[in-house]
Amino acid sequence: MSDFKPLAGMRIVTLALNVPGPLAAKRWCDFGATVIKVEPPEGDPLEIYSAEWYHDVNIGQQKRRINLKTAEGKEALAQLLSTADLLLTAQRPAALERLGLGWDELQNSYPKINHIVIVGYPVPNENEAGHDLTYQASLGLLTPPTMPKTLVADMAGAERAALEGMALLMARKAGEKGQQVFIPLSEAADYMAQPLSYGLTSETGLLAGNVPEYALYETANGWLALAALEPHFSARLKQELGLSELSHQTVAEKLKQKTATEWAVWAKQRDIPLVSL
């Protein structure tokens, strides 16, 4: 991380819990912003789901426990927002309205504040319920009954929120008025699904194991991932394996002769992209 802190002096208040919001806020912390995270009295559910991740993702953020359903809590939040350049939320807009945090109310009370709103779906479905699993399912990214290994929408949504927040804060420094930007997680998932939607990783796609130099192979005692897709890598693979041609059969037969660990060492010595699973 560079020592340059472009967000030094900027103040951010976040009400966002779980994964996307805290990850975005961590980015801003890393770039020098002061981030104040407001949690409800019961805390952030992520601390229950994964205490270690909760700790790591919230490093650098100032945490406050405030009950926003009470008059005292609303006053405490108002004091924080009075000096904030950006508000980050992950509640549905209808819930924000009930808390007195609708955009019209925010603009009236804090004309210069910016607002990043993480939601499930874009307008006009911004109040519709959703979760990472449902976003992935709707885009064909799941293979039942196997559950996904990562949170595609949450992670991509966090990066998008961080980027949009940076843009708003730069505009704030330039004297622009406050703006509100929605970050629909379903759109973030759709962005990450482009390799599939454009056919690159579909069943017949180039990156779906349909070329011998980009596939998974079983070895003498495990599996490996081979990604020698570029011509110079595939030419080197062919030469180093001593093959007259590359096919799934010829490569598979060759890779069965050693363990996955042995092949990983072999590949590293020859600058061939291959790792053991």
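Which residues of helix 13 (residues 260-269) are buried? They are A260, W263, W266 and A267, where buried means under 20% relative accessible area, exposed over 50% and partly exposed in between, with a 1.4 Å probe and protein chains only. Helices (H or I, at least four residues) and strands (E, at least two) are DSSP runs, numbered from the N terminus.

This is a predicted model, in which local features need pLDDT of at least 70, side-chain atom pairs count only at pLDDT 80 or more, and totals for chains, interfaces and linings use all residues. Residues are numbered from 1 along each chain as its sequence is written, and side-chain values use heavy atoms, with hydrogens and water left out.

Seen down the axis of helix 13, the buried residues fall within an arc of 120 degrees, so they line one face of the helix; the arc is that of the directions from the helix axis to the C-beta atoms. T261, K268 and Q269 are exposed on the other side of helix 13. The buried residues of helix 13 pack against strand 8 (223-227), helix 11 (231-241), helix 12 (248-255) and strand 9. D271, just after helix 13, has a positive phi of about 55 degrees.

Two residues elsewhere are set out below.

| Residue | Place | Relative accessible area |
|---|---|---|
| S186 | helix 9 (residues 185-192) | 14%, buried |
| L277 | segment after strand 9 (274-276) | 65%, exposed |

Leaving aside neighbours within four places in sequence, S186 is in contact (heavy atoms within 4.5 Å) with G120, Y121, P122, Y135 and L139.
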